[in-house]
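Me: I'd like to learn how to read a few features of a protein model with you. Could we go through them one at a time?

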Amino acid sequence: MACHDLNQDLNIPAGVRKIVLAGNPNVGKSVFFNALTGLYVDVSNFPGTTLEISHGRVGNDFILDTPGVYGVSSFNDEEKVARDVILGADIVINVVNAVHLERDLFLTQQIIDMGIPMVVALNMVDEATRQGIKINVAELERQLGVPVIPTVAIKRQGFAEVKQAVARARCGNSLPELEEMLPLLQRKTHNRAAALLILEGDPYVAARYRLKPLDRQEEIYLARRRRVDTIVAAVVKESNTGASWSTRLSRWMMQPLTGIPILIISLGLLYEFIGVFIAQTVVGITEGGLMKGYYEPFIRNLISQWLPPDTIPGTLLIGEFGLLTMTVTYILGLLLPLVLGFYLGLSTLEDSGYLPRIAVLVDRALMRIGLNGRGIIPIILGFGCVTAATITTRLLGSKRERRIATFLLAMAIPCSAQLAIITTMLVRLGPGYTVLYIVLIAGILVLTGTALNWLLPGRPSDLLIDLPPLRWPQPVNILKKTATKTSAFIREATPLFAGGALLIGILQVTGLLAVLQNLLAPVTVSWLQLPKETTTAFIMGFVRRDFGAAGLYSLPLKPAQSLVSLVTITLFVPCIASALVIFKERGWREGIVIWPAVLVLAFFIGGIISHILI
């Protein structure tokens, strides 16, 4: 999508003043637009997109709305449309959320840097007051260098003042760093806003002026982030006086002194629910009672009437790794209740608004492993499904962070089904081995992330995240999310489990399983000091990590051997589905590096632990 000429594309008459409304998503721009335009409104698709743009003529002014965006750029259609409309603006009315100034002022500062006259409508000041947030409006106006008008859009408060302030719109205080970068490009474009976007690497704006886009975006964004943080620190004061209980709780969740105990308690409750109640009580009933007590004897007797168990078809269907025995038992008796329990817990955290606050709490800690606090989202989701979590690494701010997060997900984060089986095995080993396992995996994750942070050039980006209000989780939302995610997981897992069981069954009846066990004996027996039968579990780990963990579940291992096998299978390569997503998201070149690297590190670390403990 190339840059557009606003006057031509939207049939704007010559000589009228173009006033553009801009802001982040959900800040109330549409209410301002309706108030400014009244009944004189038109809606049309922006050229080259399916996005509708509202615009209207009021006197000698032409008012335009823009899609809600977090920055003026060209990452998606919304940003491209906002970019083109803002580039053609004579005046911008920037609507910002008073509750989230640290987020919204990033766009404000970018438009100021573009040199476009502006008025800031400081919306939702009533909500800020309810949350104990006090904003020094006069100081904010001085810092920005543009008029700032407090408003409450839903009550239409401050609208008259915003209309009057349009006459006083002016260019604000841009970043000092830009005054050294922009002059040369500005002489070539005769347009400061276009020169800035070319400097930030926008290829469409650069093509319009037949120039090569530069790559100063990260440098400028970091300077802009520092500037916004300085402004917020100078104008915002938070107090618990007058703040609601949910606001005070929200702040406690994000402060280390109170937030860490809250996080520990929350994770402890999650463990009691999933690791104790679901993994022991519920699974004991579904797997041990229903599936092995009733279903497996029934299906073996039924199939044996036509196929003897010792034949090849009988072995493949109702043998040790049978499609109708082990596969069905593990999916319905083991995985289904465990995955259901995990997503029930995760959906509760999501719907309450607690997950983003965990991101703020852990931001500084994650910086040490090359991620900002937003990185906690794919990590937590990885405990549900590494495949889905790998896709959510798109949320991270840079390729560097996405590489680090993808590697850590592939190596050190067990999925929900695998974690549930691991938890069940750890419960049998006792609290000592459980703590040791957690310390080892956490230590490996931190060391790996630290090493990647040191090896890869660059630094993690600053955290910019929207904090939804805290609320009681809605049962309907939780059940809907849980049902959707669980059904998607089971649909994905069933054919892969069946394929894995069939593969192992074929290897067993052809004798290739014994051959593979002997071939891998130097690794499993000599290096890891485990029984050669664990080879079967590792082979199944290629199909699904949780199936590999399940393969260890029935083996007669000593406590130290169990710990070594659990650490190794946790660090083991991701399942086929996750591997394919890694190749898709990171490309074949990076995928070829990540997959073998994780495999080698898993066996290397497992062997070291084995030789220390056994």
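Me: Let's start with charged side chains. Which residues are linked in a network of salt bridges?

Reply: The general idea is that side chains of opposite charge can pair when their charged atoms come close. This is a predicted model, and in it Glu350, Asp351, Arg471 and Lys481 are linked in a network of salt bridges. One pair to look at is Asp351 and Lys481, whose side chains meet at 4.0 Å, N to O. Asp351 lies in helix H16 (residues 326–352) and Lys481 in helix H23 (residues 475–510), so this pair ties together parts that are 130 residues apart in sequence.

Me: Are Asp351 and Lys481 buried or partly exposed?

Reply: For that we look at relative accessible area, where under 20% counts as buried and over 50% as exposed. Asp351 has 7%, so Asp351 is buried. Lys481, at 28%, counts as partly exposed.

Me: How many salt bridges does the structure hold?

Reply: The structure holds 21 salt bridges. Another of them joins Asp61 to Arg17, with the closest N and O atoms 2.9 Å apart. Asp61 belongs to strand S4 (residues 61–64) and Arg17 to strand S1 (residues 17–23), so the pair ties together parts 44 residues apart in sequence. Asp61 counts as buried at 17% relative accessibility, while Arg17 is partly exposed at 32%.

Me: What about a salt bridge inside one helix? How far apart in sequence are Glu127 and Arg130 in H5?

Reply: Start from the geometry: an α-helix has 3.6 residues a turn, so residues three or four places apart point the same way. Glu127 and Arg130 are three residues apart in helix H5 (residues 125–130), a separation of about one helical turn. Their side chains meet in a salt bridge of 2.7 Å, N to O. Both ends are partly exposed: Glu127 has a relative accessible area of 27%, and Arg130 has 45%.

Me: Next, helix length. What should helix H17 span, and how far apart are its end C-alpha atoms?

Reply: The idea is to multiply 1.5 Å by one less than the number of residues, then compare the result with the end-to-end distance. H17 (residues 354–367) has 14 residues and should span 20 Å; its end C-alpha atoms are 20 Å apart, which agrees. Do check for bends as well: H17 has a kink of about 45°, centred on Leu361.

Me: How many residues of H17 are buried?

Reply: In H17, 10 of the 14 residues are buried, so the helix is largely enclosed by the rest of the structure. Among them are Tyr354, Pro356, Arg357 and Asp363, as well as Leu361, the residue at the centre of the kink.

Me: Can we try the same reading on H4? What is its span, and how many of its residues are buried?

Reply: H4 has 13 residues and reaches 17 Å from its first C-alpha to its last, close to the 18 Å expected. Of those 13 residues, 12 are buried, so H4 is largely enclosed by the rest of the structure. The buried residues include Arg103, Asp104, Phe106 and Ile111. H4 is followed by Gly115, whose phi is positive, near 80°.

Me: How do I describe two helices passing each other? At what angle do H4 and H12 cross?

Reply: Look at the distance between the axes, the angle, and then the handedness. The axes of helix H4 (residues 101–113) and helix H12 (residues 217–235) come within 9 Å and cross at roughly 120°. That makes H4 oblique to H12. As for handedness, H4 passes H12 in a right-handed crossing.

Me: Which residues other than glycine have a positive phi?

Reply: Two to look up are Arg156, with phi near 60°, and His190, also with phi near 60°. Place each one in the fold, then check its accessibility. Arg156 lies in the loop between strand S8 (148–150) and helix H7 (159–165), and is exposed with a relative accessible area of 52%. His190 is in the loop between helix H9 (183–189) and helix H10 (192–199), and is exposed at 72%.

Me: One last loop residue, please. Where does Ile12 lie?

Reply: Ile12 lies in the loop between helix H1 (6–9) and S1. Unlike an exposed residue, Ile12 counts as buried, at 7% relative accessibility. Ile12 and Phe62 are 50 residues apart in sequence, and their C-alpha atoms are 7.5 Å apart in space.

Note on methods. Residues are numbered from 1 along each chain as its sequence is written. This is a predicted model: local features need pLDDT of at least 70, side-chain atom pairs count only at pLDDT 80 or more; totals for chains, interfaces and linings use all residues. Side-chain values use heavy atoms; hydrogens and water are left out. Helices (H or I, at least four residues) and strands (E, at least two) are DSSP runs, numbered from the N terminus. Buried means under 20% relative accessible area, exposed over 50%, partly exposed in between (1.4 Å probe, protein chains only). The bend at a residue is the angle between axes fitted to the seven residues ending there and the seven starting there. Axes are lines fitted to C-alpha atoms, for helices over the stretch in contact, and angles run from 0 to 180 degrees between N-to-C directions. Angles under 35 degrees count as roughly parallel, over 145 as roughly antiparallel, 65 to 115 as roughly perpendicular and the rest as oblique. A crossing is left-handed if the near helix is turned anticlockwise from the far one by less than a right angle, and right-handed if clockwise.
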